[in-house]
Amino acid sequence: MSKCYIIAGGEFDGFYDQIKEDDLVIAADKGYEYVKEEGLKVDFIVGDFDSTSLPDSENVIKLSPIKDDTDTKSAMKIAQEKGYEEIIIYGGLGGRESHTISNIRNALEFKKMGIDVRLKAKNKELIIIEDELFQKYEDNYYVSIFALSEVAKGLTIKGLYYELDNYDMEISDSLGVSNETCGRDFTIKIKDGYILIIFEKK
């Protein structure tokens, strides 16, 4: 399945995926500087360019600085319009905390529209699920789980250090923080609602 990669303007510590021919690459505002550093071919450059200079390129979409959406969300909307159902965002974590929270909220909004969004960095990855995630064991890392619904019902965790069976996790619940891999494949299931899963390498 083709993917859309968005390089945003938050903290950036490198690009770690292999871009295929049918994939889409969008730089959001300052993310264009990161794209140039990595030598990536970019399909669109979008932003109000309040934090960097306007690129001299034909594929620039210049936004008004007075707008409802962040530059990153505008890039996500382009991916949606182009029919992409998987979006991977680099540079969407760190930097201004308000932007990190905004990116998580945007990921939830798009998940509800059937579009999977991942926020990635070198040692961290965030995803949202509404059903089941099976993960093969590859490395040791922390796995934290937070409800994004008022109640995420029927949370079951198998194969991590701390397991759960049919647990109803409220949005204020911090029980899911800092679980750990333990040398096994693992499964996280949810019956109803949405959960945020954060992978952090040790």
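**Close-up 1. Ile-195 sits in strand β14.** This is a predicted model, so every picture here shows a computed structure. With a relative accessible area of 0%, Ile-195 is buried. If you skip the neighbours within four places in sequence, there is still a long list of residues in contact with Ile-195: Ile-127, Ile-128, Ile-129, Ile-145, Phe-146, Ala-147, Leu-148, Ala-152, Leu-155, Ile-188 and Ile-190. Now try a distance: Ile-195 and Asp-131 are 64 residues apart along the chain, and their C-alpha atoms are separated by 9.2 Å.

**Close-up 2. Here is the largest cavity, holding about 40 Å³ of space.** Rolling a probe the size of a water molecule over the atoms is a handy way to see where empty space is left. Searching the whole structure turns up 1 cavity of 30 Å³ or more. Its lining is made by Ile-104, Ala-107, Val-117, Leu-119, Leu-126, Ile-127, Ile-128 and Leu-196. Sort these by class and you get 8 nonpolar residues, no polar ones and no charged ones. At least two lining residues come from each of α3 (97–111), β6 (116–121) and β7 (124–129). The biggest giver is β7, with 3 residues.

**Close-up 3. Phe-12 and Tyr-34 form a stacked aromatic pair.** To describe two aromatic rings, you give the distance of the centres and the angle of the planes. The structure holds 7 aromatic pairs. In the pair of Phe-12 and Tyr-34, the rings are 4.7 Å apart centre to centre, with 5° between the planes. Phe-12 belongs to the loop between β1 (4–7) and β2 (24–28), while Tyr-34 belongs to helix α1 (residues 31–38), so this pair ties together parts that are 22 residues apart in sequence. Is Tyr-34 buried or exposed? Tyr-34 counts as buried, at 10% relative accessibility.

**Close-up 4. Phe-186 and Phe-199 make a tilted aromatic pair.** Their ring centres are 6.5 Å apart, and the planes make an angle of 50°. Look for Phe-186 in strand β13 (residues 186–189) and for Phe-199 in strand β14 (residues 195–201); with their positions 13 residues apart, the pair links distant parts of the chain. Both Phe-186 and Phe-199 are buried.

**Close-up 5. More aromatic rings: a cluster, and a ring with a lysine over its face.** Tyr-5, Phe-15, Tyr-16 and Tyr-90 come together as one aromatic cluster. Elsewhere, look at Tyr-142: Lys-202 lies over the face of this ring, at 5.3 Å from the ring centre.

**Close-up 6. Thr-187 is a residue of strand β13.** Its relative accessible area is 16%, and because buried means under 20%, Thr-187 counts as buried. Which residues touch Thr-187, once its neighbours within four places in sequence are left aside? They are Glu-132, Leu-133, Phe-134, Thr-156, Ile-157 and Lys-158.

**Close-up 7. Helix α2 (residues 71–81) is largely enclosed by the rest of the structure.** Why say so? Because 8 of its 11 residues are buried. These are Asp-71, Thr-72, Lys-73, Ser-74, Ala-75, Met-76, Ile-78 and Ala-79. Just past the end of α2 comes Gly-83, with a positive phi of about 90°.

**Close-up 8. Gly-47 lies in strand β3 (residues 44–47).** Gly-47 is buried, at 0% relative accessibility. Leaving out neighbours within four places in sequence, Gly-47 is in contact with Asp-29, Ile-61, Lys-62, Leu-63 and Asp-71. You may remember Asp-71 as one of the buried residues of α2. Phe-134, listed among the contacts of Thr-187, is 36 Å from Gly-47, C-alpha to C-alpha, and the two are 87 residues apart in sequence.

**Close-up 9. Asp-29 and Ser-178 each have a positive phi of about 55°.** Most residues other than glycine have a negative phi. Asp-29 is not a glycine, yet its phi is positive. Asp-29 lies in the loop between β2 and α1, and at 4% relative accessibility Asp-29 counts as buried. Ser-178, also not a glycine, is found in the loop between β11 (164–170) and β12 (179–180). How accessible is Ser-178, and what does that make it? At 37% relative accessibility, Ser-178 counts as partly exposed.

How values were computed:
Residues numbered from 1 in each chain as written. Predicted model: local features only at pLDDT ≥ 70, side-chain atom pairs only at ≥ 80, totals over all residues. Heavy atoms only, no water. 1 Å grid on protein atoms, 1.4 Å probe; cavity = no way out; pocket = protein on both sides within 12 Å on 5 of 7 lines; lining within 4 Å. Points joined across faces, edges and corners; volume = space filled by probe spheres on them. Helix = DSSP H or I, 4+ residues; strand = E, 2+ residues; numbered from the N terminus. Nonpolar A, V, L, I, M, F, W, Y, C, P; charged D, E, K, R; others polar. Phe/Tyr/Trp six-rings, centres within 6.5 Å; stacked < 30°, edge-to-face > 60°. Buried < 20%, exposed > 50% of the residue type's maximum accessible area, 1.4 Å probe, protein only. Lys NZ or Arg CZ within 6 Å of the ring centre and 35° of its normal. Contact = heavy atoms within 4.5 Å.
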